Amino acid sequence: MKLKMKNYIFGTGKFACEIAKIFDKYGIKVDGFINVRDKNKSLPTSMYKDIPVYYVEEFDIVEKENSNIFLAKKPMFM
């Protein structure tokens, strides 16, 4: 039985949403965004297509062996 890989974007800023839009254009499903901000601060209010956001501390609930994690850093910082 072949397992379906899940796709996550590490980041919750504008560039992360742009990556999600590009993936959507090519039929690649994004299963969630990973937030690296302080838990005491509020999450962005409008993520792309209501894709869930996970705090990095909670991310252990995701099966990492069956997941792709894409880093959403602006190209100038990569």
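**Figure 1. The salt bridge between Lys29 and Asp31 in the predicted model.** Lys29 counts as exposed because its relative accessibility is 51%, a value to be set against the cut-off of over 50% for exposed residues. The model shown here and in the following views is predicted. The side chain of Lys29 meets that of Asp31 in a salt bridge, with an N to O distance of 3.3 Å. Asp31, in contrast to its exposed partner, is buried, with a relative accessible area of 11%. The pair thus joins an exposed lysine to a buried aspartate.

**Figure 2. Overall architecture of the protein.** The secondary structure consists of 1 helix and 4 strands, and along the sequence these elements follow the pattern β-α-β-β-β. The protein has 78 residues, of which 35% count as buried. The accessible surface comes to about 5900 Å², and carbon and sulfur atoms contribute 56% of this surface. Among contacts between residues at least 6 apart in sequence, 51% join residues at least 24 apart. The side-chain charges form 3 salt bridges.

**Figure 3. Helix α1 and its buried face.** Helix α1 comprises 12 residues, from 14 to 25. At 1.5 Å a residue the helix should span 16 Å, and the distance of 17 Å between its end C-alpha atoms agrees with this expectation. The buried residues of α1 are Ala16, Cys17, Ile19, Ala20 and Phe23. Viewed down the helix axis, the buried residues of α1 fall within an arc of 155°, and they therefore line one face of the helix. This buried set packs against three strands, namely β1 (6-10), β2 (32-35) and β4 (67-71). Lys14 and Lys25 are exposed and lie on the face of α1 turned away from the buried side.

**Figure 4. The salt bridge within helix α1.** Glu18 and Lys21 form a salt bridge in which the closest N and O atoms are 3.4 Å apart. The two residues are 3 positions apart in helix α1, and so about one helical turn separates them. An α-helix has 3.6 residues a turn, so residues three or four places apart point the same way. Both partners fall in the intermediate accessibility class: Glu18 is partly exposed at 35% relative accessibility, and Lys21 is likewise partly exposed, with a relative accessible area of 39%.

**Figure 5. The salt bridge from helix α1 to the loop between β2 and β3.** The side chains of Asp24 and Lys49 meet in a salt bridge, with an N to O distance of 2.7 Å. Asp24 belongs to helix α1 and Lys49 to the loop between β2 and β3 (53-55), so the pair ties together parts that are 25 residues apart in sequence. Asp24 is partly exposed, at 33% relative accessibility. Lys49, at 57% relative accessibility, counts as exposed.

**Figure 6. Backbone geometry at Lys49 and Asp50.** Most residues other than glycine have a negative phi. Lys49, in the loop between β2 and β3, has a positive phi near 50° although this residue is not a glycine. Asp50 is found in the loop between β2 and β3 and also has a positive phi, of about 55°, without being a glycine. The side chain of Lys49 takes part in the salt bridge with Asp24 shown in the preceding view. Asp50 counts as exposed, at 74% relative accessibility, and Lys49 is exposed at 57%.

**Figure 7. The end of helix α1 and the nonpolar surface patch.** Helix α1 is followed by Gly27, whose phi is positive, near 75°. Ile22, Tyr26 and Ile28 form a nonpolar patch on the surface, and together these three side chains belong to residues with about 320 Å² of accessible area. Ile22 falls within the residue range of helix α1, 14-25, whereas Ile28 is placed in the loop between α1 and β2. At 36% relative accessibility, Ile28 counts as partly exposed; this value meets the patch criterion of over 30% relative accessible area.

How values were computed: Residues are numbered from 1 along each chain as its sequence is written. This is a predicted model: local features need pLDDT of at least 70, side-chain atom pairs count only at pLDDT 80 or more; totals for chains, interfaces and linings use all residues. Side-chain values use heavy atoms; hydrogens and water are left out. The expected span of a helix is 1.5 Å times one less than its number of residues. Buried means under 20% relative accessible area, exposed over 50%, partly exposed in between (1.4 Å probe, protein chains only). The arc is that of the directions from the helix axis to the C-beta atoms. Contact means heavy atoms within 4.5 Å. Patches are made of residues with over 30% relative accessible area and no salt bridge: like charges are joined within 9 Å, nonpolar side chains (Val, Leu, Ile, Met, Phe, Trp, Tyr) within 5 Å. Accessible areas come from the Shrake-Rupley method with a 1.4 Å probe; for residues, only the protein chains shown count as cover. A salt bridge is a side-chain nitrogen of Lys or Arg within 4 Å of a carboxyl oxygen of Asp or Glu.
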